[in-house]
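Visitor: Could you walk me through the inside of this protein, please?
Guide: Gladly! Let's bring it up and start with the space inside.

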Amino acid sequence: MDQTLTRDGVRHDGAVALDSKRIPRSRMTAKARREQLLDVSRALFAEKGFEGTSVEEIAARATVSKPVVYEHFGGKEGIYAVIVDREIEGLTTALTGALTAGGHPKVLLERTALALLSYIEASEDGFRILVRDSPVAQATGTFSSLIGDVATQVEHLLADQFKRRDLDPSVAPIYAQMLVGMVALTGQHWLDARNPDKTEVAAHLVNLAWNGLAGLEREPALRSSVRD
């Protein structure tokens, strides 16, 4: 039987050729491919760290060739930097919003603690990446620099409270570092523990921080003698 195809992909015997039914494979846009590579890399960096992740692994998990990764980001350092910048921006927005919303200082502390825990809950991989040592040589754009910026904002709030309580405002920067460091370290612990829930953790944080601040001594001193 003659099985020559017509222009419509139909054989002379009336059957439809199989090739005519094949659906062409869709191709990702450059933007979609970039976002896919970022998502894949974020998960790998969170799981293995920067040093433990290779371009080969990123390409394999994204089912692309290595040149595609280099084309979009120039290498592992480039894609890591974009991820860190995005996470820093998101966390900065959340914390700054909590601190500048106005209200009683205790309420600001509650909002800030809850903002950090909410960020961790929503972006677990991102926070894991931020709390690792950054391989990118830069003074800004790291978790430690972000914590320093937040401490500076808290410093002004504490200085005002110290003046009202007749305490020395010059030590406010030290207390700001202590307070923000306590919140940040608690967040790192909760990242894995996830118990109790974030609202209860925030309440305990504020309980310790606020009640501790409320009972500050004007001239604190160690009870035991310390010798070098």
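Visitor: Which helix gives the largest share of the lining of the largest cavity?
Guide: First, a friendly caution: this is a predicted model, where local features need pLDDT of at least 70 and side-chain atom pairs pLDDT 80 or more, while totals for chains, interfaces and linings use all residues. Residues are numbered from 1 along each chain as its sequence is written, and side-chain values use heavy atoms, without hydrogens and water. A cavity is a set of points on a 1 Å grid over the protein atoms alone where a 1.4 Å probe fits but cannot get out, and lining residues have an atom within 4 Å of a point. Helices are DSSP runs (H or I, at least four residues), numbered from the N terminus, and the one giving seven residues to this lining is α7.

Visitor: How many residues line the largest cavity?
Guide: Pro-105, Leu-109, Val-154, Leu-158 and Leu-179 lie nearest its centre. They belong to a lining whose total is 22 residues.

Visitor: What kind of aromatic pair do Phe-50 and Tyr-80 form?
Guide: Rings of Phe, Tyr and Trp (its six-membered ring) pair if their centres lie within 6.5 Å, and planes under 30 degrees apart count as stacked, over 60 as edge-to-face and the rest as tilted. Here the centres are 5.0 Å apart and the planes stand at 75°, so the pair is edge-to-face.

Visitor: Which charged residue sits over the ring of Phe-50?
Guide: The rule asks for NZ of Lys or CZ of Arg within 6 Å of the ring centre and within 35 degrees of the ring normal. At 4.3 Å from the centre of the Phe-50 ring is the charged end of Lys-76.

Note on methods. 1 Å grid on protein atoms, 1.4 Å probe; cavity = no way out; pocket = protein on both sides within 12 Å on 5 of 7 lines; lining within 4 Å. Helix = DSSP H or I, 4+ residues; strand = E, 2+ residues; numbered from the N terminus.
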